[in-house]
Amino acid sequence: MSTPIDHREFVWRLHQATPRAWVTPTLVALNVAVWLLNLLSGMSPMSPRPIELAAWGANFLPLTIEQPWRLLSATFLHGGIIHLAFNMWALWDTGRLAERFYGNGQLLLIYLVAGLAGSVASLFFAARTGVSVGASGAIFGVVGCLLAAIFTKAHKLPPALVQSMRSSMLMFVGFSLFMGFTAGFIDNAAHLGGLAGGVLMGMVLAEKFDVDEYRRQAPVRAAFAVLLAALVLGAAWKLLPMPAA
């Protein structure tokens with residue numbers, strides 16, 4: 001009969017493994033800084049025009065095909081302060097926990113891969129005919145890696161934590177996707193693409209639940225995760241529809 005994992009001892013071990021969760025606040029600061037630069041350029045704080053967002057690097061199929069860097073730049077742009085505030089709240093809430101689970105470098109990798117996956121997925125749908133911006137694809141990836149951890153490694157986590165996280169994460173995903181399907185301005189393709197990318201990375205990367213196991217497995221699993229992400233994103237890029245002439 002296994003002994004339940006003590007919640008306090010588990011939290012202590014996570015903090016020992018990752019003493020400073022600096023990636024999440026840095027990402028929040030970068031997103032806010034880009035929005036402030038947008039304001040200084042004359043953009044509306046509430047509803048910037050699509051042409052302005054495109055000039056700053058929004059994701060839009062005819063432009064992104066020629067300028068692939070937009071896949072990443074679009075994830076740091078937002079369609080107004082409400083869009084930004086909601087995304088940064090979600091990132092702050094989930095990112096710090098994911099950073100304890102996976103460590104600083106791996107959380108950054110998850111965020112970037114999920115953001116790119118969301119942008120690529122959007123090119124098949126919303127960004128095919130209009131501009132797409134926002135960190136939500138990357139944030140869904142952060143949620144996805146947490147879901148991967150609690151569904152595949154539940155035996156390594158305190159039962160109460162698994163139960164509360166499972167409920168809150170699934171509720172967040174369900175509500176956000178429901179809103180996306182009922183509101184035409186929300187890019188659910190980016191959400192689903194980011195979620196899939198985050199789940200994939202979360203299943204491949206080593207968690208910091210057991211420090212010794214992490215040290216043994218992390219380098220190989222991280223290298224495999226990068227290779228897998230490159231192959232999947234590259235294959236999806238090859239399948240993109242060509243923009244109309």
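**Reading pairs, burial and core**

Me: How many residues lie between one partner and the other when we go from E9 to R13 in helix α1, and what does that amount to in helical turns?

Reply: In this predicted model, E9 and R13 are 4 residues apart in helix α1, which means that about one helical turn separates them.

Me: What makes E9 and R13 a salt bridge?

Reply: The closest N and O atoms of E9 and R13 are 2.8 Å apart, and the rule asks for a side-chain nitrogen of Lys or Arg within 4 Å of a carboxyl oxygen of Asp or Glu, so the pair qualifies. By this rule the structure has 4 salt bridges.

Me: Why are E9 and R13 described as partly exposed?

Reply: The middle class runs between the limit for buried, under 20%, and the limit for exposed, over 50%. E9 has a relative accessibility of 35%, so it counts as partly exposed, and R13, with 23%, is partly exposed as well.

Me: How do you know whether the partners in the bridge between E52 and R49 are buried or exposed?

Reply: The bridge itself has its closest N and O atoms 3.5 Å apart. E52 has a relative accessible area of 19%, and because buried means under 20%, this residue is buried. R49 stands at 51%, and because exposed means over 50%, this residue is exposed.

Me: What makes the bridge between K153 and E207 a link between distant parts of the sequence?

Reply: K153 lies in the loop between α9 and α10, whereas E207 lies in the loop between α11 and α12, so the pair ties together parts that are 54 residues apart in sequence. The closest N and O atoms of K153 and E207 are 3.7 Å apart, which is within the 4 Å that the rule allows. K153, at 15% relative accessibility, counts as buried, and E207 is buried with a relative accessible area of 4%.

Me: Turning to the rings, why is the pair of F10 and F101 called edge-to-face?

Reply: A pair of aromatic rings is described by the distance of the centres and the angle of the planes. The structure holds 5 aromatic pairs. For F10 and F101 the ring centres are 6.4 Å apart and the planes stand at 85°; since centres must lie within 6.5 Å and an angle over 60 degrees counts as edge-to-face, the pair takes that name.

Me: What does the pair of F10 and F101 tie together?

Reply: F10 belongs to helix α1 (residues 7–17) and F101 to helix α6 (residues 81–102), so the pair ties together parts that are 91 residues apart in sequence. F10 counts as buried at 1% relative accessibility, and F101 is buried with a relative accessible area of 0%.

Me: Why is the pair of F10 and F209 called tilted?

Reply: The centres of F10 and F209 are 5.6 Å apart, with 50° between the planes. Because planes under 30 degrees apart are stacked and those over 60 are edge-to-face, the rest being tilted, an angle of 50° makes this pair tilted. F10 lies in helix α1 and F209 in the loop between α11 (188–204) and α12 (211–238), so this pair ties together parts that are 199 residues apart in sequence. Ring pairs link F10, F101 and F209 into a cluster.

Me: How do you know that the charged end of R166 sits over the ring of F151?

Reply: The charged end of R166 is placed 5.1 Å from the centre of the ring of F151, and the distance limit for this call is within 6 Å.

Me: What makes up the largest nonpolar core, and which element gives the largest share?

Reply: This core has 51 residues, and those with the most contacts inside it are F101, Y111, L157 and V173. Among the elements that give two or more residues are α1, α6 and α12, while the largest share, 10 residues, comes from α9.

Me: Which residues make the nonpolar surface patch, and why can L37 be among them?

Reply: L37, L40 and W56 make a patch of about 330 Å². L37, in helix α2 (residues 23–40), counts as partly exposed at 45% relative accessibility; patch residues need over 30%, so L37 meets that limit.

Terms used
Residues are numbered from 1 along each chain as its sequence is written. This is a predicted model: local features need pLDDT of at least 70, side-chain atom pairs count only at pLDDT 80 or more; totals for chains, interfaces and linings use all residues. Side-chain values use heavy atoms; hydrogens and water are left out. Rings of Phe, Tyr and Trp (its six-membered ring) pair if their centres lie within 6.5 Å; planes under 30 degrees apart count as stacked, over 60 as edge-to-face and the rest as tilted. Buried means under 20% relative accessible area, exposed over 50%, partly exposed in between (1.4 Å probe, protein chains only). A charge sits over a ring if NZ of Lys or CZ of Arg is within 6 Å of the ring centre and within 35 degrees of the ring normal. Patches are made of residues with over 30% relative accessible area and no salt bridge: like charges are joined within 9 Å, nonpolar side chains (Val, Leu, Ile, Met, Phe, Trp, Tyr) within 5 Å. Accessible areas come from the Shrake-Rupley method with a 1.4 Å probe; for residues, only the protein chains shown count as cover. A nonpolar core is a set of buried Ala, Val, Leu, Ile, Met, Phe, Trp, Tyr and Cys residues joined through side-chain atoms within 4.5 Å.
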